[in-house]
Amino acid sequence: MITFVVSLVALILGYFLYGRFVERIFGPDNRPTPAVSKADGVDFIVLPGWKIFMIQFLNIAGTGPIFGAIMGAKFGPVAYLWIVFGCIFAGATHDYLSGMLSMRHGGANLPEIIGRYLGNATKQVMLVFSVFLLIMVGTVFVFSPAKILGGMWEPQFVVDSCGQYVFWIIIIFIYYLIATMMPIDKIIGKVYPLFAFSLLFMAGALMVMLFVKMPDIPELWESGLGNLGSGAFGSTQSVFPCLFITIACGAISGFHATQSPLMARCVKSEKMGRPIFYGAMITEGIVALIWATVAMYFFYDQPTAGYLTIEGGEAAVNDAPSVVNMICNSWLGIVGGILAILGVVAAPITSGDTALRSARLILADFIHLEQKSIAKRLYICVPMFLAVIALLVWQMANPKGFGLIWNWFGWSNQTLAVFTLWAITVYLVRQRKNYWVTLIPAIFMTVVCTTFFFSVQAFKLDDTTSAIVAFGALVVSAAWFTFWKKKK
């Protein structure tokens with residue numbers, strides 16, 4: 001628990017110290033924001049700062065800092081280092097600067113920002129890439145809450161006639177359509193703060209229980225930087241690069257840069273950016289830290305691991321949603337368990353609908369289709385939802401469909417972060433600002449994503465060959481930047 005406490009303090013200090021440092025580099029001022037200058041009553045609307053923070057937190061969180069942290073905890077305490085350093089120096093910096101860049105460019109979507117600084121060809125690739133990623137988010141975040149809700153209750157006649165989880169999938173899709181189509185202040189602005197509170201309550205209650213129980217879990221200095229476990233519940237993958245893909249939300253996630261423009265269109269003053277964008281990411285890092293610690297209790301507590309003390313725990317070690325259910329019900333009781341499950345169910349649903357909302361806006365900007373009228377919103381929403389349904393049907397028909405989509409989603413998510421970090425770096429260079437704050441994370445994540453793609457996803461390379469690939473990616477990315485900067 002000492003590693004946990006030190007990590008928690010480090011995240012809080014990171015917000016006040018490094019967050020302020022990054023804010024000074026960007027230099028927010030008093031110019032009119034898009035929420036004021038482009039107000040349209042649908043997507044560009046001034047909202048209170050506390051509400052924007054709660055919506056931003058829920059948008060970027062989903063079940064990422066929960067499921068990702070649970071799976072990442074199988075690597076052992078080294079996960080703490082990635083959550084802390086990744087969140088402070090990469091993720092929160094990425095979220096803040098991408099949100100502020102969107103605000104500076106009239107609420108621009110991510111492909112537009114990337115195109116402005118990395119070229120039109122990259123913009124076209126990123127447009128397709130980001131929309132496909134957002135559709136995958138919508139698909140993945142339909143199935144996981146439907147599975148949790150279906151495990152609690154669903155009409156038997158629907159199960160008999162249509163199959164398991166179909167009832168909740170239909171309900172979630174109806175909500176998706178309504179929330180994606182409605183002005184942002186009608187549903188998102190009203191119910192998201194409540195769901196965000198549920199997610200924060202769950203994390204806070206579990207942190208209290210951690211201090212009550214004080215589990216004897218591995219400390220960083222006891223296990224080193226290697227993979228702690230293997231076999232039934234430990235990770236069988238190498239720490240590098242797999243840990244950095246497994247824990248995305250809570251460290252750094254490219255998906256966040258697709259969500260920040262939604263809130264950049266609702267902020268009244270640029271000076272609200274640090275608590276909203278940097279602060280929401282630090283908060284997500286704290287949630288991931290708590291769940292990583294809870295998961296280490298579940299996997300590694302001494303003298304008896306938690307999964308052996310909870311009924312059915314041994315069968316759930318490889319199923320993150322089941323771990324969440326068991327821990328919440330065991331530690332928080334009925335009332336706490338209900339609120340906790342509400343957070344776990346609401347988080348992916350809300351992330352899914354804002355992902356699809358973001359995809360709608362990206363496509364609308366690309367084809368120059370205004371979004372004030374409902375009919376023109378439907379022009380984009382209908383084919384987009386059909387694509388999500390088709391991907392979901394394939395996933396449910398394929399026994400390995402969810403895992404396959406999740407793996408590619410993880411890699412695509414971090415690859416999107418790579419392009420976002422490089423675009424921000426180019427912006428900082430052109431503005432003659434301190435570009436090292438994003439250059440180092442950009443190079444590191446380039447190495448991670450390249451190595452993961454070639455070593456894990458594509459060719460299943462051995463450790464030695466993977467190291468060669470990683471070194472090559474490091475040299476090429478650093479050389480490319482050096483050549484470009486010298487030329488400019």
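Modeller: In this protein chain, 61% of the 488 residues count as buried. Keep in mind that the model is predicted.

Biologist: What makes a residue of the protein chain count as buried?

Modeller: Its relative accessible area has to be under 20%. Take T93, which sits in helix α6, residues 78-104. Its relative accessible area is 1%, under the 20% cut-off, so T93 is buried. The T93 side chain also reaches the backbone oxygen of I88, at 3.3 Å.

Biologist: And how do you know that the T93 to I88 pair is a polar contact?

Modeller: The limit is 3.5 Å, and the side chain of T93 comes to 3.3 Å from that backbone oxygen of I88, so the distance is within it.

Biologist: Why is L199 called buried?

Modeller: Its relative accessibility is 0%, and the cut-off is under 20%, so L199 counts as buried. You'll find L199 in helix α11, residues 188-213. Across from L199 there's T63: 136 residues away in sequence, but 9.6 Å in space from C-alpha to C-alpha.

Biologist: R265 is an arginine in a loop, between α14 and α15. Why is R265 called buried?

Modeller: Same kind of check: R265 has a relative accessible area of 4%, which is under 20%, so R265 is buried. Its C-alpha lies 8.6 Å from that of V36, with their positions 229 residues apart along the chain.

Biologist: What makes α14 mostly covered?

Modeller: A count of its buried residues: 10 of 10 in α14. Among them are F255, H256, Q259 and M263.

Biologist: Now Y165. Why does Y165 count as buried, and what stands out in its backbone?

Modeller: Y165 has 16% relative accessibility, under the 20% limit, so it counts as buried. Its phi is positive, about 75°, although Y165 is not a glycine. The residue lies in the loop between α9 and α10.

Biologist: M214 is another residue other than glycine with a positive phi, near 45°. Why is M214 called partly exposed?

Modeller: Partly exposed runs between the 20% and 50% limits. M214 has 47% relative accessibility, so it falls in that range. M214 is in the loop between α11 and α12.

Biologist: And F16, in helix α1: why is F16 partly exposed?

Modeller: Its relative accessible area is 48%, between the two limits, so F16 is partly exposed. F16 and M214 both belong to a nonpolar surface patch, along with V5, V9, I12, L13, L17 and F211. Together these residues have about 730 Å² of accessible area. Helix α1 gives the most to the patch, with 5 residues.

Biologist: How do you know that the span of α21 is close to the expected one?

Modeller: α21 has 25 residues, and its first and last C-alpha atoms are 36 Å apart, against 36 Å expected at 1.5 Å a residue. At its N-terminal end, D462 acts as a cap, with a side-chain oxygen 3.1 Å from the backbone nitrogen of T464. Buried residues of α21 include A470, F481 and W484.

Biologist: Last one: how do you know that the radius of gyration of the protein chain agrees with a compact globule?

Modeller: For 488 residues the globule rule gives a value near 23 Å, and the chain has 21 Å, so the two agree. The C-alpha trace spans about 60 × 55 × 40 Å along its principal axes, and the secondary structure comes to 21 helices and 0 strands.

Definitions and conventions: Residues are numbered from 1 along each chain as its sequence is written. This is a predicted model: local features need pLDDT of at least 70, side-chain atom pairs count only at pLDDT 80 or more; totals for chains, interfaces and linings use all residues. Side-chain values use heavy atoms; hydrogens and water are left out. Helices (H or I, at least four residues) and strands (E, at least two) are DSSP runs, numbered from the N terminus. The expected span of a helix is 1.5 Å times one less than its number of residues. Buried means under 20% relative accessible area, exposed over 50%, partly exposed in between (1.4 Å probe, protein chains only). A polar contact is a pair of N or O atoms within 3.5 Å; within protein, one must be able to donate a hydrogen and the other to accept it, and residues adjacent in sequence count only if both atoms are side-chain atoms. Patches are made of residues with over 30% relative accessible area and no salt bridge: like charges are joined within 9 Å, nonpolar side chains (Val, Leu, Ile, Met, Phe, Trp, Tyr) within 5 Å. Accessible areas come from the Shrake-Rupley method with a 1.4 Å probe; for residues, only the protein chains shown count as cover. A salt bridge is a side-chain nitrogen of Lys or Arg within 4 Å of a carboxyl oxygen of Asp or Glu. The radius of gyration is taken over C-alpha atoms; the globule rule is 2.2 Å times the number of residues to the power 0.38.
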